[in-house]
Amino acid sequence: MPHMFVPGPVDVADEVLQAQAQPMLPHRSPEYEAIHRRAAEKARQLFFTRHRVFLMASSGTGFQEAAVRNLARERILVCANGAFAERWFQVATTNGKNADKLTFEWDEPIAAEVVAAALQKTPYELVVLVHNETSTGMQNPVREVAEAVRATRPDTLIAVDAVSSLGGAKIEMDAWGLDMVFTSSQKCLALPPGLALAAVSDRALQKAETVPDRGWYFDLVRLEKHRLKDSTPATPAISLIYALDRQLDRILEEGLDARFARHAAMARRVQTWAEAHGMPVFAPEGYRSHTVTTIVNTHDWDIAALNAFLMEREMRIANGYGPLKNKTFRIAHMGETQPHHIEELLTALEEFIRQRPSRKS
Ligand SMILES: *Cc1c(COP(=O)(O)O)cnc(C)c1O
């Protein structure tokens, strides 16, 4: 099996791929509804929530849109220190919302006190932030930011993009006081792309009821009405729900704590290896992602050539994202990736280093 050390889509276990090959069911049938309910119930454990989880035929970005359409009439604060937060800001403004961007350097975590100061000045209805910035390998201190928001403006809702961390790192929606947390199928959950999952609090739904022009497809009030009947307003991605149902069993069988520990251990291993080779980790200590490591390309490696070398060995890493392309490269360690895969990758990278002087790259 090839090893995709890229931050999504990631490798999918054979039995999960095969779960998709089960025959179709009508989505308005008791048989399908039972599977939908079962998967949604199990998924709640990943979010550490007593609230509902929506399963949506969409990629994760769909829920960036749902958050801004449903949880604010007007005023949104986007905390931004990476490419996916920048996208969220665009999603907010192109949906006609009056959004402000609170910008941090890409190598700086979001600072809770700066968010609190912005809220003191302006009564934002919604604060949004990305838990794990896949572009930089930064894990933002969501818990601290949420605490600061609560202390400053208790009525402000908090939505978190956990697309590249949920299921790989512990995010406690209820204990941290978050109102919406979402992810995509193709990252830490190690499913094929095409499905998005979002947990939404009661007070977020109550707010949504007061917000006009929520649209149709991502209207959380409509989704909730159908969820109560174990269904969705439009046709669900049935094959992906089969796969999700199977994969959640595998995830819960591994145990969430063991799964989080595995991701953290792989992250530490990659960080230590990079530093031992004179390549700093882009994100500061204490804020480094457990699921993807962004490494500064100090030695000026030709990343395309490196990937060609790795692909001969059925492996693949990711170049830096956007403005960080070639200046950094990224090693994802999420989903089905095991510590022994990381060792195989690092061995190949060592081989690349040894060969490199003769390669004129
Ligand atoms: C991948 C990613 C997205 C986009 O997810 P899609 O499923 O491609 O829509 C959004 N946010 C973060 C942090 C991501 O890593």
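Let me start with helices α10 and α11, the latter covering residues 256-276, which in this predicted model pack at an angle of about 85°, with their axes 5 Å apart. With angles of 65 to 115 degrees counted as roughly perpendicular, α10 and α11 therefore fall into that class with respect to each other. On the α10 side the contact is made by Ile-251, Leu-252 and Glu-254, and on the α11 side by Leu-256, Ala-258, Arg-259 and Arg-262. Sorted by class, that contact of α10 with α11 has four nonpolar residues and three charged ones, with no polar residue in the set.

Staying with α10 for a moment, I would point to the loop between α9, residues 220-227, and α10, residues 238-254, since this is where Asp-230 lies. Asp-230 has a positive phi, about 55°, although it is not a glycine.

The second helix pair is α3, residues 61-70, with α4, residues 83-94, and here the packing angle is about 50° while the axes are 9 Å apart. That angle makes α3 oblique to α4, and the crossing of these two helices is right-handed. From α3, the residues Thr-61, Gln-64, Glu-65, Ala-67 and Val-68 meet Phe-84, Arg-87, Trp-88, Val-91 and Ala-92 of α4. By class, the contact of α3 with α4 comprises six nonpolar, two polar and two charged residues.

Thr-61, which I have just listed in the contact with α4, also brings us to the ligand. Which of the 14 residues around the ligand come nearest? They are Ser-59, Thr-61, Thr-134, Ser-184 and Lys-187. For two of these I can give an atom-level distance: a polar side-chain atom of Ser-59 lies 2.4 Å from an oxygen atom of the ligand, and for Thr-134 a polar side-chain atom is likewise placed 2.4 Å from a ligand oxygen atom. Gly-60 approaches through its backbone, with an N or O atom lying 2.8 Å from an oxygen atom of the ligand.

Finally, a backbone detail towards the start of the numbering. Is the peptide bond from Gly-8 to Pro-9 cis or trans? In the model this bond is cis, with omega near -5°, and Pro-9 itself is found in the loop between β1, residues 3-5, and α1, residues 14-19. Those who want to look at the backbone by eye could therefore begin with two loops, the one between β1 and α1 that holds Pro-9 and the one between α9 and α10 that holds Asp-230.

Definitions and conventions. Residues are numbered from 1 along each chain as its sequence is written. This is a predicted model: local features need pLDDT of at least 70, side-chain atom pairs count only at pLDDT 80 or more; totals for chains, interfaces and linings use all residues. Side-chain values use heavy atoms; hydrogens and water are left out. Axes are lines fitted to C-alpha atoms, for helices over the stretch in contact, and angles run from 0 to 180 degrees between N-to-C directions. Helices (H or I, at least four residues) and strands (E, at least two) are DSSP runs, numbered from the N terminus. Angles under 35 degrees count as roughly parallel, over 145 as roughly antiparallel, 65 to 115 as roughly perpendicular and the rest as oblique. A crossing is left-handed if the near helix is turned anticlockwise from the far one by less than a right angle, and right-handed if clockwise. Contact means heavy atoms within 4.5 Å. Ala, Val, Leu, Ile, Met, Phe, Trp, Tyr, Cys and Pro count as nonpolar, Asp, Glu, Lys and Arg as charged, and the others, Gly among them, as polar. A residue is near a molecule or strand if one of its heavy atoms lies within 4 Å of it. A polar contact is a pair of N or O atoms within 3.5 Å; within protein, one must be able to donate a hydrogen and the other to accept it, and residues adjacent in sequence count only if both atoms are side-chain atoms.
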